[in-house]
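The following exercises concern strand pairing, chain crossovers and burial, and each task is followed by a solution in steps. Please have the coordinates open while you work through them.

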Amino acid sequence: MSKKTLVEKILASASGKKEVSPGEIVTAKIDFLMGHDGTASLCIDKYDEFKKLLNASPVFDKSKVLAVFDHFCPPATVERADIQKKFLDFVKREQFDYSLYEGICHQLLAEHPAVSPGKVILGADSHTVTAGALGAFATGVGSSDFLYALIKGNNWFKVPSTYKIRFVGEMPVYIQGKDLALEILRLFGESGAVYKALEYHDETTNKVSMDSRLTISNMSVETGAKAGIFNPDEITQKCVTEKGGKFRPVYADEDAHYEKEYIIDVSCLEPLIALPHSPANVKKVSEVEGIQIDQIYLGSCTGGRLEDLISAAKILKGHQPKRGIKIIVIPSSRKVYLSALQEGCLTDLIKKGMTISNPSCGPCCNIDKGLLGDKEKAVSTSNRNFPGRMGSYGSEVYLASSLTAAASSITGEITNPKRYLR
Amino acid sequence: MKDCYQGKIWKFGNNVSTDLIHPAVYFSLDRERVKKGLFKGFDSELVEKISAGDIIVGGTNFGCGSSREVVVQSIHYNNIEIILADSFARIFYRNCINNHIIAVEYSGISSFVENNDYLSINLKENQINNLTKNTELVSEKQLVDPYLRDILEKGGLLAKLKQELLDGKRLR
């Protein structure tokens, strides 16, 4: 049998085949399925049609499904309130497991014991790739795919070919997962990995943290990739066992065939930033320091984790945010929120005058809690900066790490976090 | 699903995101609102100019960004049946097929056309004719993968599901 990549092994196992090859279309079983109030709500009428057709609950396995309320959280318009009510009534009626305002779906999946190496995770959201940090094949789909998987427990997949990316060297204190993600975008561009699986191998000496890995996997989709998956290791094992999951790792074969291979020496990286209006428009922060900004957003499924909040508080120690700059902080889940309170960093940020909102998607995709007006500029720890992404088509969004966002809050300008770190 | 599609094309560039094709503010369960939002990120008046049977041609990574299926629903409600692109963003590609919109990936298609050219696409012969410029393309491989053709011919993924469930019911 030939040597296989992680995704080839997972999809072979899930489709009951000895092996699969890139380009092949397979039917793979789903281990866990997630939908949220922003997209899964479209399925309800169709679901009821199928229920009527079968005269029974059509769901393949309710224990493998989670409905998350995170986009309209809480609803800021009557239309959204109506959509949410319909979805909430539906999940209660059909007795689905649901999370009501507990956090952003991808963070909740990362915290869920069911998400572990070798699993096939499907979500009705493009950033479902985030769960790949735990060694699962995790990918996003639209509402129809979600409904099909909900009923059949499987779906069609075209097996992607894989690019191997090895992180080597030592992570500097001023570099986080976001900088690695932006470096990958700088290398590939927005369409440099369309329909590929990005397989990450952490060979750094001080290890990339799980929070940073989640950020890297999260932004894989911005290169056009189908999956952004980490080869499991002791960091994966620790995370999975701590949350009560079972660590049954699937590893990429040595000498598997990859379409391309890359090595990124993290020791050489400088803090990076994506300029408007593309996540791939990446420059060094040092090249664009001094651009004045109106808002900082520290949050989202990309950059709202405990590591991000601790980093922000660390940068701000002994400093104050610039008066008049809007700073919005949104922990990505209730668990993160509580951990940050316990750790003390959230209290520090509150004392510095930052605005903390409830765990939710917020301004990231133009929903609520801090949209930008015409000509406003923001530094954000989120994942996309297309025109109009966070508000007015005349606004500008710069994507960066929480260290860079925090440093920029002090000066009111894009600022290199190295200035505040030894 | 027909063998041949013909119509006026609307040409777009590379990396056209779902936020431009159908801005998030037009997300709705109301069909008319969804229909109205098409291409509002480009040009607020473009949707009024589109006729039934028109064809979309995009560059690379067409439809990148969000998984919002309303984006594709809006295309469908505006009676566009087929989209060609040099390459598609993968969720958008899936959403098209699943919603009974024929997505044809053909590297080089965007340089074969100019905006508002008339195109004829023969899915049986795997041939594309630019009727305005009198030029022709013949594809070596099938323009639509047979596995996916099955989904399209059944009217989309959920129509296929319905048939599978009915067949399952009859077998019991």
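**Exercise 1.** In this predicted model, determine which residue of S9(A) is the bridge partner of A:Ile165, and then trace how the chain crosses from S8(A) to S9(A).

*Solution.* Begin with the pair itself, in which A:Ile165 is bridged to A:Tyr200 of S9(A). The path from S8(A) to S9(A) leads through helix H6 (residues 177-188) of chain A, and this β-α-β crossover is right-handed. Turning to the pairing as a whole, strand S8 (residues 162-168) of chain A runs parallel to S9(A), and six bridges join the two.

**Exercise 2.** Find which residue of S10(A) stands opposite A:Glu199, and describe the connection from S9(A) to S10(A).

*Solution.* The residue opposite A:Glu199 is A:Ile229 in S10(A). Following the chain from S9(A) to S10(A), one passes through helix H7 (residues 210-219) of chain A, in a β-α-β crossover that is again right-handed. S9(A) and strand S10 (residues 227-230) of chain A run parallel and are joined by four bridges.

**Exercise 3.** Explain why strand S9 of chain A can be called largely enclosed by the rest of the structure.

*Solution.* First take the two faces separately: A:Ala197, A:Glu199 and A:His201 are buried on one side, while A:Leu198, A:Tyr200 and A:Asp202 are buried on the other. Because six of the six residues in S9 (residues 197-202) are buried, the strand is largely enclosed by the rest of the structure.

**Exercise 4.** Decide whether A:Ser143 is buried or exposed.

*Solution.* The cut-off for burial is under 20% relative accessible area, and A:Ser143, at 4% relative accessibility, therefore counts as buried.

Notes:
Residues numbered from 1 in each chain as written. Chains lettered and ligands numbered in written order. Predicted model: local features only at pLDDT ≥ 70, side-chain atom pairs only at ≥ 80, totals over all residues. Heavy atoms only, no water. Buried < 20%, exposed > 50% of the residue type's maximum accessible area, 1.4 Å probe, protein only. Pairing = 2+ DSSP bridges. Right-handed = clockwise from strand over helix to strand, strands pointing away.
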